[in-house]
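Visitor: Please pick one part of this model and take me through it closely. Then show me what else is worth a look in the rest of the assembly.

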Amino acid sequence: MPPDRAPGPKLRAEQLFADYGGAPVVKDLTAEIPAGEITAIVGANASGKSTLLRALARLLRPSKGAVYLDGADICGLPTRSVAARLGLLSQSPRAPDGVLVEDLVRRGRYPHQRLFGQWSKTDGQAVERALNLTGLAELRGRAVDELSGGQRQRAWIAMALAQDAPMMLLDEPTTFLDIAHQVEMLDLLARLNRTENRTVVMVLHDLNQACRYASHIIALAGGRIEAAGRPSEVVTAELIERVFGLRVSVISCPVTGTPLCIPYRHNY
Amino acid sequence: MTRTAGLCTASAAGILALAVVGLIVGDFPVPAREAIATAVWDRGSEFDFVINSLRFPRVVVAVLAGICLAVSGALFQALIDNPLVSPDIIGIDTGAAAFAVAVLAVGLDTRWLPYAAFAGAVGTAGLIFVLSWRRGFSGGRLVLVGIGVNALLTAVITYLLVRFPIERVSAAARWQAGTLSSSSWGDARTLAIGLAVLVPAAFLLIRRLRVMQLGDDMATALGVGLEPSRLAVITVGCGLAAAAVGVVGPLGFVALLVPHVARALAGALSGGVLLLTALLGAVMLLSADLVAQRLFAPTVLPAGVVTAAMGGPYLLFVLRRFNRAA
Amino acid sequence: MSLPFAGALMIYLGFLSLRYGVLHIDVATVWDAVWNYDRSDQGQVVVRELRVPRTVIGMLAGAGFAVAGALTQGVTRNPLGAPGILGTNAGAAFAVVTAIYSAGITTPAGYVWFAFAGALGATVLVYLVASAGVGGPTPVKLALAGAVISALLGSWTAALLLLDLETLDQARFWLAGSISGRGTEEVELLLPVVAIALIVALSMGRQVNALSLGEEVATGLGQRTALVRATAGLCVVALAGSAVAMAGPVAFVGLAVPHIVRAVAGPDYRWIILYSALLGPCMLLGADIVGRLIISPAELQVGIVSAAVGAPFLIYLVRGAKLAQL
């Protein structure tokens, strides 16, 4: 049952300030997440990428400003109703000891279950679909901690898919994966976006991967938005110099035609 | 799933078998047929007193207290994501013991014991809550605060043990080891009431706990309100421990050990695994009490000494599992 | 706080410890008791026969606990590393009670080696359990392993105490942690051990500084980390074991003193160890003097007083920002 999800939930940050009990990490930030697209948040270390994602996912309460989900302040919404619209994959999550792949994925159905409700047919179908989409149907009986890094990450994606939220937020989904698994992971997300019309928002370290997979880029510097828009329009040598303090030459990728940044040597 | 169901059936059968053995054996053996008859329908039997006033309530208390302790341990271990956590480690039992020892040491009537112990357990749990609350709960902080509270209460008990005459102190020491030897139908009723409320609550919390085990971020993302859920789990876990400790004393290691065994047999936490945990708790306490009664008969050990003795192999088991995980 | 001040404080508290108790003794008599001893003066006899050994033991045990705590915290990079938390006390208690029960040993001097061996065994076991598995001995894992093994040994101890009223009566005062009623015999036995271990510990500051940056960094700085760890471990066991053997299971001196020291002396372990050796005696003697006066003419054991002060301190520490992310 590939659902028709257009146009998807609207997520927006308005004059957002966020901190971890000290100086603000995100300052006066206003951004809109385009529905049905893949958005990549990029920036230097400590530029506020993960903080922004955490605030968007209501894991961090803003000190000022607000995040709006379909027009309502996300912190005021019942957490279950947010969970039905917004899935999350945090950075390197840890599975409980000995948990099996299928059991992990089933736990993603939590927001759809009522206190006394039974495991329903819909629940079962969602889990099957998530396992199939991530190619884990064969591995469902294996323990998560016995899987390879790439398989484990896919198991977590499958869990987030079973949640059946039209929008997914991911914090550096490719960390600790080798280059082949990174591409596999990003291809999977692109496919989910294309075939299921799911909105994807992710923090990415690799600028070129961001340009290649995202249709919308948010570049942060010092907790503020430096630029936002289509990669082909906003990614310029000048922007990269401002965001990362690095001089690059931007060429067109010979494979995809998206912008490709080639750094010059650093002059000390 | 079928594996869990099979294990549960086997455990239930084990409970029945052990219960029958518990009715039969003792300083005054009763033939099996008469024992069952007396317990179930034959009120006029010559064994009525031995069976219905001594052994039957004791068996029932062992089953109920075992369930309470094991389920409580499973809740705490899932909440704090550490296989070494249990209510006795973080001071709940010591709180009960401090109050109970105070009752014994100052020479109050022993009928106040269960109430004092229950009050002590609940009070200690409250104290640990309050002290570990700091912009929300954290499992690690709860454990460490609990260990501190435990030490403080241990000092109180030590003080009482040093201050008062040896006869009273020895009664207190006996109670402190955890024993089922004076269990009555009243005790069974107290436990049954606690169980009827708290065990269903524990099962309702399982779904939440399964999600909370994925980490705070993932749990929030899946729509679990963390603080209320933690408070609920801790309340139910402490309530179960308090009910059991009030009746049988601070009986160690059932809460720590049983959830582990259940997990090793049936896998990660689920409703079925929790049911297995509850049943295995009853099995463990029933068998520990039988061993305690018969091992050095006619000298009767407190059941807590036997469960503690089982703690040694358990530690080796944990060590082995950890090493394999590494 | 300067070093001379810490030294002066220790001497002053030692002096108070000679003067105050059930019998308050004036300065001149104390002076005479030490320098011109006259056996016919009752006050001088009290000072010489009771309070001098008590004070010396308080100083040695205080320094032993505190330096052992400082070394443990540095080497394990763990703010909760301390002998009491790591099962040392429970191990010593179990060994001593076993000795009383099975070998009929009744004098504190006779306990010494049992306490020592028990402390050693339990500490090694706790460290092994806690360092198994992923992540090595983290604060929570160490504290939990210590709590679990303490609980295990504690219930075995309780079982022995239950089997025999005589043993309970003998042991309960030692178990409370006390430095009264000790002779000079223990001092003669253990002084060399404590002295050597203290000298080695004081000379290890630089190595501990490097290790406290982490195993890799220390190796990178050219240190033979295994050797340093082993030496530090030996010192800890010798110091904590001697201290427990002399004073019984006194909780929290080893935990609290290094933290207080860090507040006055900064993060350099050369100074932390030195100050701990001076302030440990201050805390133990201070607690002992309070215990003598607070319910006079009766006495409160030093172990009870230090737990009553130390447990709140532990909770304060756990609530502090440094451990908040546990």
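Guide: A quick word on terms before we start: a strand here is a DSSP run of E covering at least two residues, a helix is a run of H or I covering at least four, and both are numbered from the N terminus. Keep in mind, too, that this is a predicted model. The predictor gives the complex an ipTM of 0.84 and a pTM of 0.83.

Let's warm up in chain A, on strand β2, residues 26–33, where you'll find Asp28(A). Asp28(A) isn't a glycine, yet its phi is positive, at about 50°. Most residues other than glycine have a negative phi. Asp28(A) has 14 C-beta neighbours inside 10 Å, so it counts as partly exposed.

Now for the part I'd zoom in on: strand β8 of chain A, residues 199–203. This strand is mostly covered, with five of its five residues buried. Look at how the side chains split: Thr199(A), Val201(A) and Val203(A) point one way from β8(A), while Val200(A) and Met202(A) point the other way. Both sets are buried.

Next, the strands that pair with β8(A). Strand β3 of chain A, residues 38–43, pairs with β8(A) in the parallel sense, over four bridges. To find your place there, look for Ile41(A), which stands opposite Val203(A). Strand β7 of chain A, residues 167–171, also runs parallel to β8(A), and five bridges join the two. Here the pair to look for is Leu169(A) and Val201(A), which stand opposite each other.

How do you get from β7(A) to β8(A)? By way of helix α6 of chain A, residues 179–196, and together the three elements make a right-handed β-α-β unit. Pause on the loop between β7 and α6 of chain A, where Glu172(A) sits. Glu172(A) is another residue other than glycine with a positive phi, near 45°. With 20 C-beta neighbours inside 10 Å, and 20 being enough to qualify, Glu172(A) counts as buried.

Step back, and you'll see chain A touching chain B. That contact takes 24 residues from chain A and 18 residues from chain B. On the chain A side, α2 (79–83), β6 (86–89) and α3 (101–107) each supply at least two residues. α2(A) gives the most, with four residues. By class, the chain A side has 12 nonpolar, seven polar and five charged residues.

Across the contact, chain B has 13 helices and zero strands. Its radius of gyration is 20 Å, close to the 20 Å that the globule rule gives for 326 residues, so chain B is as compact as a globular protein of that length. The C-alpha trace of chain B spans about 65 × 55 × 35 Å along its principal axes, and 59% of its 326 residues count as buried.

For one last stop, try Val101(B), in helix α4 of chain B, residues 92–105. Val101(B) has 30 C-beta neighbours inside 10 Å, so it counts as buried. Leaving out residues up to four places away in sequence, Val101(B) touches Ile157(B), Leu160(B), Ala172(B) and Gln176(B). Glu46(B), on the other hand, is 38 Å from Val101(B) in space, C-alpha to C-alpha, and 55 residues away in sequence.

Conventions
Residues numbered from 1 in each chain as written. Chains lettered and ligands numbered in written order. Predicted model: local features only at pLDDT ≥ 70, side-chain atom pairs only at ≥ 80, totals over all residues. Contact = placed C-beta atoms within 7 Å. Nonpolar A, V, L, I, M, F, W, Y, C, P; charged D, E, K, R; others polar. Buried ≥ 20, exposed ≤ 12 C-beta atoms within 10 Å, placed from the backbone. Pairing = 2+ DSSP bridges. Right-handed = clockwise from strand over helix to strand, strands pointing away. Rg over C-alpha atoms; globule rule 2.2 N^0.38 Å.
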